[in-house]
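Walk through the fold of this chain, taking the helix pair before the sheets and the aromatic rings.

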Amino acid sequence: MRLIQITDCHLLSDTTRTAYGDINPYTSLQQCLQLIQALAPDALLITGDISGDDSANSYTHFTRLLNDYCPSIPFKVIPGNHDVNPYFNPMLKHATLTAGSAWHLGQWHIHGIDSTFSGTRGRVETQQLNSISGEVDAHPDHFHLVALHHHPFTTGSWMDKHELENADEVISWFRQQEKIEAMIYGHIHAVREHAVDGRAVLSAPSSCWQWRMTPEFGVESTAPGLRVIDLAPDGTFSTFIRRIE
C-alpha cells in the first residue's frame, strides 16, 4: 500500500504569482503531482497549509489540480494554520481526516489530528488523542499511523516560534500508544526524522519553498518534494523523499 504525503502547498488565488525562492506554488504543486503519477500511489494525504492566502480560489486550484493529475487516487486532508479560514471546511470537509474517523488502507488505519490553535501556533486537544486511542484499541489486529500539521519536536530554528504548544503531551501520548507505528507531520518545510522508542516521527518537504532550519529566517535552494511511505501488510513500512527536477 503506497501512501504519499504532500504538505504545505501554499496555493495563491493568482496562479502566476511567485513567492519565496522565486517559486510559483501552483506550478511546483503541478510538478509534484506529475511526479506522483510516476510513483503510482494508492492514496494521498495532504498534511495542511493547502492555501497560502486564505482565498477560495486557492482551494479551487487544489481540487482542480488533483482532478487533472490524480483523478483516480483517493485523498485525505488535514488542516494547517493557513487553512483556518471561511473556505477550508465548505470546500474540503468531505475529504478531511479527523480524529475518531480513521482512514482504512488495507491493514493500516490512518488517523488525522487537527493541530490548529492560535495564529501560526498549534495545540492538540486531549479529546482528539483519546478518540484515536479508542480506535486503536478497537482494532488491535491492524496497524496505525497518525498525521498532524505542526512539528512535535523543536527544530532549533526560527520555526519554533510557530510551535505545537503541547508537543510534550503529544509525544508522551505517542510513547504510550505502542500500536501506532509512526507519526508524520508538515509545517516546517523541511525533512526531519526522529524516533520515539524505535518508532518513526517524520516530516516532509513542502510542495513549494523549503525553509532553512537556522535561528534566522531563511529559504533553502532545495527543490520542492514529497514523502513516499510504503505500508506493508505485516506492519512494517519503508519511506523515502522524492523531489521535482
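Which residues in α1 meet which residues in α2? The model is a predicted one. In it, Tyr26, Leu29, Gln30, Leu33, Gln34 and Gln37 of α1 meet His61, Phe62, Leu65, Leu66 and Tyr69 of α2. By class, the residues of this contact divide into seven nonpolar, four polar and no charged.

Two packed helices are described by the angle between their axes and the distance between the axes. Helix α1 covers residues 25-39 and helix α2 residues 56-69; their axes come within 10 Å and cross at roughly 25°. Because angles under 35 degrees count as roughly parallel, α1 is roughly parallel to α2. The crossing of α1 and α2 is right-handed.

Next come the sheets. One is an open sheet of five strands with mixed pairing, in the order β3-β2-β1-β14-β15. At its edges stand β3 (75-78) and β15, each with a single partner strand, so one side of each is left without a neighbour in the sheet. From one strand to the next, the twist in this sheet averages 20°.

At the β15 end of that order, strand β14 (residues 225-231) and strand β15 (residues 237-243) run antiparallel and are joined by seven bridges. Valine 228 has phenylalanine 240 in β15 as its bridge partner, and aspartate 230 has serine 238, also in β15. The hairpin of β14 and β15 has five residues between the strands, and glycine 235 in this hairpin takes a positive phi near 95°.

Another open sheet has six strands, again with mixed pairing, in the order β4-β5-β8-β9-β11-β10. Its edge strands, β4 (103-105) and β10 (193-196), each pair on one side only. The twist here averages 20° from one strand to the next. At the β10 edge, β10 pairs with strand β11 (residues 199-203) in the antiparallel sense over four bridges. Within this pairing, alanine 195 stands opposite alanine 200 in β11.

Which strands of the sheet does helix α4 touch? Helix α4 (residues 126-138) packs on the sheet and touches β5 (108-112), β8 (143-147) and β9 (180-185). The direction of α4 makes about 170° with that of β5. Helix α5 (residues 167-176) also packs on the sheet, where it touches β9, β10 and β11. The direction of α5 makes about 155° with that of β9. Strand β9 is thus touched by α4 and by α5.

The aromatic rings remain. A pair of aromatic rings is described by the distance of the centres and the angle of the planes. The model has 10 aromatic pairs. In one of them, tryptophan 108 and phenylalanine 143 have ring centres 5.8 Å apart and planes at 45°, so the pair is tilted. This pair links distant parts of the chain, since tryptophan 108 lies in strand β5 and phenylalanine 143 in strand β8, 35 residues apart. In the strand order of the six-stranded sheet, β5 and β8 stand next to each other.

Technical notes: Residues are numbered from 1 along each chain as its sequence is written. This is a predicted model: local features need pLDDT of at least 70, side-chain atom pairs count only at pLDDT 80 or more; totals for chains, interfaces and linings use all residues. Side-chain values use heavy atoms; hydrogens and water are left out. Two strands pair if DSSP finds at least two bridges between them. Helices (H or I, at least four residues) and strands (E, at least two) are DSSP runs, numbered from the N terminus. Axes are lines fitted to C-alpha atoms, for helices over the stretch in contact, and angles run from 0 to 180 degrees between N-to-C directions. Contact means heavy atoms within 4.5 Å. Angles under 35 degrees count as roughly parallel, over 145 as roughly antiparallel, 65 to 115 as roughly perpendicular and the rest as oblique. A crossing is left-handed if the near helix is turned anticlockwise from the far one by less than a right angle, and right-handed if clockwise. Ala, Val, Leu, Ile, Met, Phe, Trp, Tyr, Cys and Pro count as nonpolar, Asp, Glu, Lys and Arg as charged, and the others, Gly among them, as polar. Rings of Phe, Tyr and Trp (its six-membered ring) pair if their centres lie within 6.5 Å; planes under 30 degrees apart count as stacked, over 60 as edge-to-face and the rest as tilted.
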